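Trainee: Please take me through one part of this structure closely, residue by residue where it helps. Then work outwards from there to the other parts.

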Amino acid sequence: MKKTNDNTTNKNKYEISLEHSRINFITDLIAPAGNPENATVPTYITILCTKGHGELTLNGLALSINKNDMLVCAPGDIVESKGISDDFESCGFALSKQFYDDLTHIPLGLLNTRVYISEHPVMTISEHAAHLFIQYYELIRSKLSAPAPTKHHQLVTDLLLEAFMYEFHDALEITTNARPVHFTSGDNLFKQFLELILQSHPKPRSVVWYADQLNVTPKYLSCVTKQCSGETASAIINRYVLEDVKRNLKRPEKSIKEIVCELDFPSISFFGKYVKKHLGVAPKYYRQNLGVEI
């Protein structure tokens, strides 16, 4: 991808601003026609056209993008600009694979919308959704590019990104008004499993507990989870538990003992071994790497 700071004409505005390891910011990704360097998308991107008009092809499919149209691309997609209007402006996000995986694994009850997005790479969103997108874009960018981060900077930005994902997803569901798709009993069980994990606090770490709540056997739950997501039930549970662990470790006012009690670990020793196994370092050193005072 080519980066330029030429602001003399909108047709030459083409910038990817690398601000964060998980999320980057995009300004006018659709470059002038004939620029071969912008052909292959390197990561997951979501771009909102805020002004003007553009023509492009995505994997050979001819598309147009106008104000309040959102373009969604995945790594390896081939995007070629066919021309943009003089007043064309856009903004958006580039997401790392890990962050994209984290977002798509959070249960929102909107699986039909995800299918809709995959089938409609350009969609027109409501004025409200577009306004929401721009608000969060500006706020998240200002937080991540702050010259002197505060003590809770990482925690605040992580929670802000999560809030954006939830709120924009809700607005998007209303906008798309996607038709419900048929889900199998396995799909529905997997969805209930994810929702149960999200709603539980502290989160139990046993597959048996979730299976009991869902009135199925642990073996059946694990089988369905593997079929629906490619991951084991245990791996998914651990991922959500670790999100709670990391979020708490980023809060300097909380002691390790308080975190152990809040997340229902049997002991500080067990908690330390769990964190080291899954994060590679002991809780104390994880905090030190974040710059959190012990």
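Mentor: Start with Cys73, which touches Val41, Thr43, Tyr44, Ile45, Leu58 and Val79, not counting residues up to four places away in sequence. Contact here means heavy atoms within 4.5 Å. The model is predicted, with pLDDT of at least 70 required for local features and 80 or more for side-chain atom pairs, while totals for chains, interfaces and linings use all residues. Numbering starts from 1 along each chain as its sequence is written, and side-chain values use heavy atoms, with hydrogens and water left out.

Cys73 belongs to strand β6 (residues 69-73). Strands (E, at least two residues) and helices (H or I, at least four) are DSSP runs, numbered from the N terminus. Cys73 has a relative accessible area of 3% and is therefore buried; buried means under 20%, exposed over 50% and partly exposed in between, with a 1.4 Å probe and protein chains only. Its partner Tyr44 is 29 residues away along the chain, yet the two C-alpha atoms are separated by 5.8 Å.

Leu58, one of the residues that Cys73 touches, stands opposite Leu61 in β5. The strand β4 (residues 53-58) runs antiparallel to β5 and is joined to it by six bridges. Two strands count as paired if DSSP finds at least two bridges between them. Elsewhere along the pair, Glu55 stands opposite Ser64 in β5. The two strands make a hairpin with two residues between them, and Asn59 in the turn has a positive phi of about 55 degrees. Most residues other than glycine have a negative phi. Asn68 is another non-glycine residue with a positive phi, near 70 degrees. Asn68 sits in the loop between β5 and β6 and, at 11% relative accessibility, counts as buried.

The hairpin is part of an open three-stranded sheet in the order β5-β4-β7, paired antiparallel. Its edge strands are β5 (61-66) and β7 (79-84), each of which pairs on one side only. On average, neighbouring strands in this sheet are turned by 25 degrees against each other, direction ignored. Val79, at the start of the range given for β7, is among the contacts of Cys73.

Now the aromatic residues. The whole structure holds 10 aromatic pairs. Rings of Phe, Tyr and Trp (its six-membered ring) pair if their centres lie within 6.5 Å; planes under 30 degrees apart are stacked, over 60 edge-to-face and the rest tilted. Phe93 and Phe164 have ring centres 5.3 Å apart and planes at 50 degrees, so this pair is tilted. Phe93 is in strand β8 (residues 89-95) and Phe164 in helix α4 (residues 153-176), so their pairing ties together parts 71 residues apart in sequence. Both Phe93 and Phe164 are buried. Trp209 and Tyr210 make an edge-to-face pair, at 4.9 Å centre to centre and 85 degrees between the planes. Trp209 is partly exposed at 32% relative accessible area, whereas Tyr210 is buried at 0%. Ring pairs also link Phe93, Phe133, Tyr136, Tyr137 and Phe164 into a cluster.

The helix contacts come next. Helix α5 (residues 185-199) packs on helix α7 (residues 218-229) at about 100 degrees, with the axes 9 Å apart. Axes are lines fitted to C-alpha atoms, for helices over the stretch in contact, and angles between N-to-C directions run from 0 to 180 degrees. The two helices are therefore roughly perpendicular; that term covers 65 to 115 degrees, under 35 is roughly parallel, over 145 roughly antiparallel and the rest oblique. Among the residues that meet are Leu189, Phe190 and Phe193 in α5 and Tyr220, Leu221 and Val224 in α7. The contact of α5 with α7 has seven nonpolar, four polar and one charged residues. Ala, Val, Leu, Ile, Met, Phe, Trp, Tyr, Cys and Pro count as nonpolar, Asp, Glu, Lys and Arg as charged, and the others, Gly among them, as polar.

In the loop between α5 and α6 (207-213) lies Pro202, joined to His201 by a cis peptide bond with omega about -5 degrees.
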